[in-house]
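Thanks for taking a look at this one with me. Below are some numbered notes to read alongside the model.

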Amino acid sequence: MSQTLTATTLLAIPLAPLLGAVLAGIPGTAFGGNLIGRRVAHGSAILGVLISFLLSAWVLKAVATEGARFEDSIYVWMSAGGLKMEVGFLVDSLTAMMMCVVTFVSLMVHIYTIGYMEEDEGYNRFFAYISLFTFSMLMLVMSNNLLQLFFGWEAVGLVSYLLIGFWFNRPSAIFANMKAFLVNRVGDFGFILGIGLIAAYTGSLEYREIFAKATELAPLPFPGTDWALITVICICLFIGAMGKSAQFPLHVWLPDSMEGPTPISALIHAATMVTAGIFMVARMSPLFELSDTALSFVLVIGAITALFMGFLGIIQNDIKRVVAYSTLSQLGYMTVALGVSAYSAGVFHLMTHAFFKALLFLGAGSVIMGMHHDQDIRHMGGLRKYMPITWITSLIGTLALVGTPFFSGFYSKDTIIEAVQASHLPGSGFAAFAVLAGVFVTSFYSFRLYFLVFHGKERFNQAHGHGHSDHAHHGGGHSPHESPWVVTLPLILLAIPSVAIGYLTIEPVVFGSFFDGVIAVDAARHPVMAELAEEFHGPLAMALHAFATPPFWLAISGAVLAYYFYLVNPALPAAIRRALAPIYRVLEEKYYLDWFNEHVLARGARILGRVFWKAGDATLIDGLVVNGSWKLVARVAGRMRRLQTGYLYHYALAMIFGVFVLMTYFVWLSS
């Protein structure tokens with residue numbers, strides 16, 4: 001344990017935003033009597049997150065430069081036999097990096113919210129929710145045991161439910177938050193099964209003790225089968241990650257989460273909830289390294305998500321939904337990296353993605369504000385001259401997303417592509433194709449969005465009567481305008497790491513010793529990162545070499561095609577849509593997964609529930625057990641009370657008969 005990192009300092013990091021949430025959410029709302037105004041509410045929330053960020057940055061510096069580390073129990077909640085349930089912190093390089101990412105992006109979102117939610121009646125309540133969200137995520141990443149991890153896991157799910165349904169008077173928002181809640185419960189069921197198996201076979205919930213006993217789990221079979229126990233455990237854990245990090249087919253909740261205000265889209269999609277699953281798998285790398293079957297499962301699911309969710313981004317017209325589908329695709333890239341044991345590359349992409357994806361979402365929100373809350377990209381165009389700061393920062397975010405050399409997304413995405421191509425795990429061939437094709441798809445829909453919003457013909461003064469909006473009105477007939485400084489300042493601050501963080505950190509984080517002793521890789525069985533390290537000659541050489549590689553030219557092709565389709569020949573996309581109507585219909589219906597969930601799974605569950613209700617509850621429990629028992633008692637009592645006549649000679653006769661029976665019984669026994 002480090003002398004630099006103390007429990008008191010570390011406790012302050014999650015508790016500061018929690019205190020801000022309490023101040024904004026109780027005395028700042030009708031629940032607490034509206035005792036404080038907006039300025040005090042948002043000031044306390046921002047101050048809490050600022051303190052948390054500054055302390056997190058100090059922790060990261062201590063970990064990176066001094067090798068500081070903290071692992072200890074803070075509070076023992078309960079002991080059951082040899083199983084301890086406690087609150088504790090594990091702060092190492094992985095945790096410190098996640099703490100900085102979470103708190104920095106959260107701080108930018110808090111500042112941005114001042115401008116974006118200015119006219120909303122739930123202003124203070126929103127600040128309370130996003131601060132509580134930050135607290136929950138920090139408790140998750142700082143945990144040293146599976147119980148606290150699960151607490152943070154469920155807490156971010158609960159707060160996301162509140163945030164997605166923030167405008168609870170809108171039926172679409174209520175449907176979306178319930179959908180997110182239920183889909184995540186499916187994943188969490190698998191997650192808690194995995195935790196239960198670990199507790200049952202290791203007798204502990206602490207990471208250190210679990211990892212120490214991991215090799216003992218490897219040869220054990222799952223009871224009653226010939227499956228490996230470690231494979232079942234890892235797949236169960238990953239099912240939890242599939243729900244939280246929106247992997248196919250448990251991804252369906254994430255696009256609908258756009259019903260919440262734009263700032264929470266940046267918070268959920270960039271640095272908090274959806275990255276929890278990636279973080280968890282990286283943290284559990286000592287277990288996943290013991291099962292190639294589980295790694296292949298992770299690899300294939302990630303590849304499907306990376307490619308097929310990108311296709312859906314091509315046909316979206318809501319600016320936030322395009323960015324949402326890009327999040328799904330990039331989460332697929334991170335998952336693919338985990339599947340080929342390139343955990344450092346996956347976590348590195350998590351970090352770089354957090355900055356440029358938060359930038360893109362907040363940029364989209366700035367556009368929505370400038371367009372008077374119209375979100376349909378078909379009603380935009382030519383915004384470059386009206387919103388110069390939003391334009392240039394959105395361009396930076398787009399260039400980082402598509403993997404332009406020297407931008408942050410390039411270093412993380414290209415490392416993942418190279419790692420997949422070097423892997424020989426089952427499924428790696430399909431994954432290599434998926435991540436390469438995904439580069440073209442990502443570039444095409446990203447530049448489609450960019451060109452339709454910021455270039456070409458101005459369409460915002462045309463009358464229109466449709467389009468989705470964060471608020472209840474649209475902006476036809478109004479000229480766009482640049483957003484206030486509380487909105488543009490976070491865009492500028494996020495644009496800086498979107499450009500530079502990859503170049504500055506790839507060497508120590510991915511190919512250096514930053515994750516030594518934190519992330520476990522069996523280099524003999526999974527040597528992809530060791531092979532890439534031999535070929536790495538610095539960030540400059542990597543970027544220069546990229547100009548001769550397929551991913552660069554695929555990204556260029558996607559951008560050029562988007563330029564031709566939407567600026568040079570805008571009639572062509574409509575013609576292609578008519579020619580490929582069946583394929584477009586499949587994409588528009590999102591591969592019919594929502595239809596399947598609603599008409600097969602949900603309807604089947606309702607039918608099954610009705611059968612259990614009629615046969616089980618009404619007939620068996622109510623009819624036989626509950627009603628049957630009292631009817632039996634009533635019948636027996638009805639018969640018995642006929643013997644209670646009140647006449648003495650009847651009772652005397654019964655006594656004589658009883659004595660006769662007893663005497664006969666004892667005589668029979670003695671004979």
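Which residues of helix 12 are buried?

1. **Helix 12.** The buried residues here are Ala276, Gly277, Ile278, Phe279, Met280, Val281, Ala282 and Arg283. That is eight of the eight residues in helix 12, which runs over residues 276–283, so the rest of the structure largely encloses this helix. Please keep in mind throughout that this is a predicted model.

2. **Overall make-up.** The protein has 27 helices and two strands. Its C-alpha atoms fill a box of roughly 110 × 60 × 60 Å along the principal axes. Of the 671 residues, 55% are buried. If you look at contacts with a separation of 6 or more, 81% of them come from residues 24 or more positions apart. The protein exposes about 27,900 Å², and 69% of that is supplied by carbon and sulfur atoms.

3. **The largest nonpolar core.** This core holds 212 residues, and Leu237 and Phe288 are the ones that touch the most other members. Helix 16 (residues 343–370) is the element that gives the most to this core, with 18 residues. Leu237 is a good place to start browsing: beyond its neighbours within four places in sequence, its contacts are Gly190, Phe191, Gly194, Ile195, Ile198, Met280, Met284, Leu287 and Phe288. One of these partners, Met280, is among the buried residues of helix 12.

4. **The annotated N-terminal domain.** An unreviewed UniProt entry annotates residues 77–127 as "domain: NADH-Ubiquinone oxidoreductase (complex I) chain 5 N-terminal". In the model, the chain over residues 77–127 is 57% helix and 25% strand, with 30 Å between the end C-alpha atoms.

5. **Salt bridges around Glu71.** The count for the model comes to 18 salt bridges. Glu71 takes part in one with Arg69, at 3.4 Å from N to O. It also takes part in one with Arg208, where the closest N and O atoms are 4.0 Å apart. Since Arg208 belongs to helix 7 (residues 207–212) and Glu71 to strand 1 (residues 70–80), this pair ties together parts that are 137 residues apart in sequence. Glu71 counts as buried at 15% relative accessibility, whereas Arg69 is partly exposed at 32% and Arg208 is partly exposed at 49%. A network of salt bridges links Arg69, Glu71, Asp92, Glu206, Arg208 and Arg283. The last of these, Arg283, is one of the buried residues of helix 12.

6. **A salt bridge within helix 6.** What separates Asp188 and Arg185 along their helix? They are three residues apart in helix 6 (residues 171–202), which means about one helical turn. An α-helix has 3.6 residues a turn, so residues three or four places apart point the same way. The closest N and O atoms of the Asp188 and Arg185 salt bridge are 2.4 Å apart, a value you may wish to look at for yourself. Asp188 counts as buried at 4% relative accessibility, while Arg185 is partly exposed at 24%.

7. **Backbone details.** Three loop positions are listed here for your own check. The peptide bond from Phe248 to Pro249 is cis, with omega near 0 degrees; Pro249 sits in the loop between helix 9 (229–244) and helix 10 (253–256). His373, a residue other than glycine, has a positive phi near 70 degrees. His373 lies in the loop between helix 16 and helix 17 (388–402), and it counts as buried at 10% relative accessibility. Tyr592 is not a glycine either, yet its phi is positive at about 60 degrees. Tyr592 is in the loop between helix 25 (581–588) and helix 26 (593–640), and at 33% relative accessibility it counts as partly exposed.

8. **A nonpolar surface patch.** Which residues form the nonpolar patch on the surface? They are Phe406, Tyr503, Leu504, Leu540, Leu544 and Phe547, with about 560 Å² of accessible area together. Helix 20 (485–510) and helix 22 (539–546) are the elements that give two or more residues to the patch. Tyr503 is found in helix 20 and is partly exposed, with a relative accessible area of 34%. Patch members need over 30% relative accessible area, so Tyr503 at 34% meets that cut-off.

Definitions and conventions. Residues are numbered from 1 along each chain as its sequence is written. This is a predicted model: local features need pLDDT of at least 70, side-chain atom pairs count only at pLDDT 80 or more; totals for chains, interfaces and linings use all residues. Side-chain values use heavy atoms; hydrogens and water are left out. Patches are made of residues with over 30% relative accessible area and no salt bridge: like charges are joined within 9 Å, nonpolar side chains (Val, Leu, Ile, Met, Phe, Trp, Tyr) within 5 Å. Accessible areas come from the Shrake-Rupley method with a 1.4 Å probe; for residues, only the protein chains shown count as cover. A salt bridge is a side-chain nitrogen of Lys or Arg within 4 Å of a carboxyl oxygen of Asp or Glu. Helices (H or I, at least four residues) and strands (E, at least two) are DSSP runs, numbered from the N terminus. Buried means under 20% relative accessible area, exposed over 50%, partly exposed in between (1.4 Å probe, protein chains only). UniProt positions are given in the numbering used here, feature names are shortened, and annotations may be inferred rather than shown by experiment. Contact means heavy atoms within 4.5 Å. A nonpolar core is a set of buried Ala, Val, Leu, Ile, Met, Phe, Trp, Tyr and Cys residues joined through side-chain atoms within 4.5 Å.
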